[in-house]
Amino acid sequence: MSDTPFGFGLPPEEPENGDEGKKKDPAGGGQGSGGNPFGANPFGFGGLPGMGGPGGADNPFAAMFGSLNPNDLGAAFQQLGQMLSYEGGPVNWDMAKQIARQVVAQGTADGTKDASVGPAEKSAVEEAVRLADLWLDGVTSLPSGASTAVAWSRAEWVEATLPAWQQLVDPVAERVGSAMGDVLPEEMQAMAGPLIGMMRSMGGAMFGQQIGQAVGALAGEVVGSTDVGLPLGPAGRAALLPLNIEAFGKDLGVPSDEVRLYLALREAAHQRLFAHVPWLRAHLFGAVEGYARGIKVDTSKLEEAVGQLDPTHPEQLQEALQQGMFQPEDTPEQKAALARLETALALVEGWVDAVVHEAAKSRLTSADALRETLRRRRASGGPAEQTFATLIGLELRPRRLRDAARLWASLTDARGVDGRDGLWEHPDMLPTATDLDDPDGFVHREHLDFSELDKMLGEAAKGENPEDGDAGK
């Protein structure tokens, strides 16, 4: 069975340094199959007598009543009831939040437990972000995008980022939910309403469990709100996780204040980009949704799973979905959607990498080492990329990030800071995947000034408006 929760096949690794490219368990490992804290059965039923165990198949409920602790029995039925009573969207986000919080409470593999952030840590984060913004003023034309700086615990990161995960994952889950209702013949669907409703409820719970597990595991390793190159937190709020920053810098041999400041530079740079490029967030999330529309479901496998569906074995549906049921359409449109998203993410991360290096290289003695550490973290399939790939079947390739960073650095040399950052004015001005293969060709190519074009169109529209006085005459 695949360890990838939603049945996506991950792209092959492109390691840059031998073993650095090997896969890591995105859920942290050591918690049952696929890093699941509940073991192979995500809903906690697998170990109950009568629930798939020998001798209990004929009368599972009698077996349960005969040997199960009443408290455990109540919890099992409560969980099953939550699954079957869910009537929301394609993902049970209440369950996702609950499980993510449980994973966080368990602590990470090294035994580190989550803790509230103290006043001294909050003050250190605020000062690091303030200084980071000051340094960035000299290397980018984009003004500060962080109205506040906050220090989060792991649990606070989960709470703050779940709305963004919902926007990312719902389009994919919706595809599966639709397929679950379409597997029955049309003439039977009217009679099978309750069954279809139950299947969708269980599907929502299944997605909720998987997402909660993945997000909870990721909360144990992220250092800020932008680790996946997307704006996961509230707008204008630069966030760092002191506990995870301490773990990140533990074996680097770099002073902790330098580690914090370098990561604050990256967080603040992301905030500038997302705050002052108004179309960027919609562009990235729209690319995810466009990719999701091209996903197809192997209905033959789904029909087989539905035919064998047993309400007392909710894990069977999940297991079926984990066996390669999702596949992206091999069409030009789907390939274009994938290239668009991967390129956009690489451009964001490459820009951040370039401007942060420019700001830090003359001020932090460890700037080069920290830059390379973060790049290798990506190349080794770090937690951000692996979780992103797990949840929506996509992976930001490290090769593209380095290519993008080189391109932005070349643009700075050739056109200056204003010329480089001016490309963010319109999505059509940005480099394409082909341009990343030929950065020199892009750097020296003439580009349209979309700001002037927009200005001309705006004036033309104003002149056609009769309510604008003389302009309408």
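This is a short walk through the predicted model, one selection at a time.

**Start with confidence.** Colour the chain by pLDDT. The average is 74, and 58% of the residues score at least 70. Now select residues 1–68: pLDDT stays under 50 there, though the model has 133 contacts beyond four places in sequence for this stretch. Do likewise for residues 468–473, where pLDDT also stays under 50 and the model has six such contacts. Where pLDDT is low, the predicted coordinates should not be read in detail. You may want to hide both stretches for the rest of the tour.

**Next, a pair of strands.** Select β1, residues 148–151, and show side chains. Which of them are buried? Ala-149 and Ala-151 are, and they point to one face; Thr-148 and Val-150 point to the other face and are not buried. Add β2, residues 237–240, which pairs with β1 in the parallel sense over four bridges. To line the two up, find Thr-148 in β1 and look opposite for Arg-237 in β2.

**Now the helix α13.** Select residues 332–360. These 29 residues reach 41 Å from the first C-alpha to the last, close to the expected 42 Å. Most of α13 is covered, with 21 of its 29 residues buried.

Keep α13 on screen and add α10, residues 280–293. The two axes come within 9 Å and cross at roughly 145°, and the crossing is left-handed. Show side chains where they meet: on the α10 side you'll find Leu-280, His-283, Leu-284 and Tyr-291, among others, and from α13 the residues include Gln-334, Leu-338, Arg-340, Leu-341 and Val-348.

**Zoom in on Leu-273.** This residue sits in α9, residues 256–276. Is Leu-273 buried or exposed? Its relative accessible area is 0%, so it counts as buried. Leaving aside neighbours within four places in sequence, Leu-273 is in contact with Leu-142, Leu-280, Val-348, Trp-351 and Trp-424. Two of those names, Leu-280 and Val-348, you have just seen where α10 meets α13. While you're here, draw a C-alpha to C-alpha distance from Leu-273 to Val-352: the two are 79 residues apart in sequence and 8.5 Å apart in space.

**Last stop, α14.** Select residues 367–379. This helix has 13 residues and reaches 18 Å between its end C-alphas, close to the 18 Å expected. Look at what is buried: several arginines are on the list, namely Arg-371, Arg-375, Arg-377 and Arg-378. Ala-367, Leu-370, Leu-374 and Ala-379 are buried too.

Note on methods. Residues are numbered from 1 along each chain as its sequence is written. This is a predicted model: local features need pLDDT of at least 70, side-chain atom pairs count only at pLDDT 80 or more; totals for chains, interfaces and linings use all residues. Side-chain values use heavy atoms; hydrogens and water are left out. pLDDT is the predictor's confidence in each residue, from 0 to 100. Contact means heavy atoms within 4.5 Å. The expected span of a helix is 1.5 Å times one less than its number of residues. Buried means under 20% relative accessible area, exposed over 50%, partly exposed in between (1.4 Å probe, protein chains only). Two strands pair if DSSP finds at least two bridges between them. Axes are lines fitted to C-alpha atoms, for helices over the stretch in contact, and angles run from 0 to 180 degrees between N-to-C directions. A crossing is left-handed if the near helix is turned anticlockwise from the far one by less than a right angle, and right-handed if clockwise.
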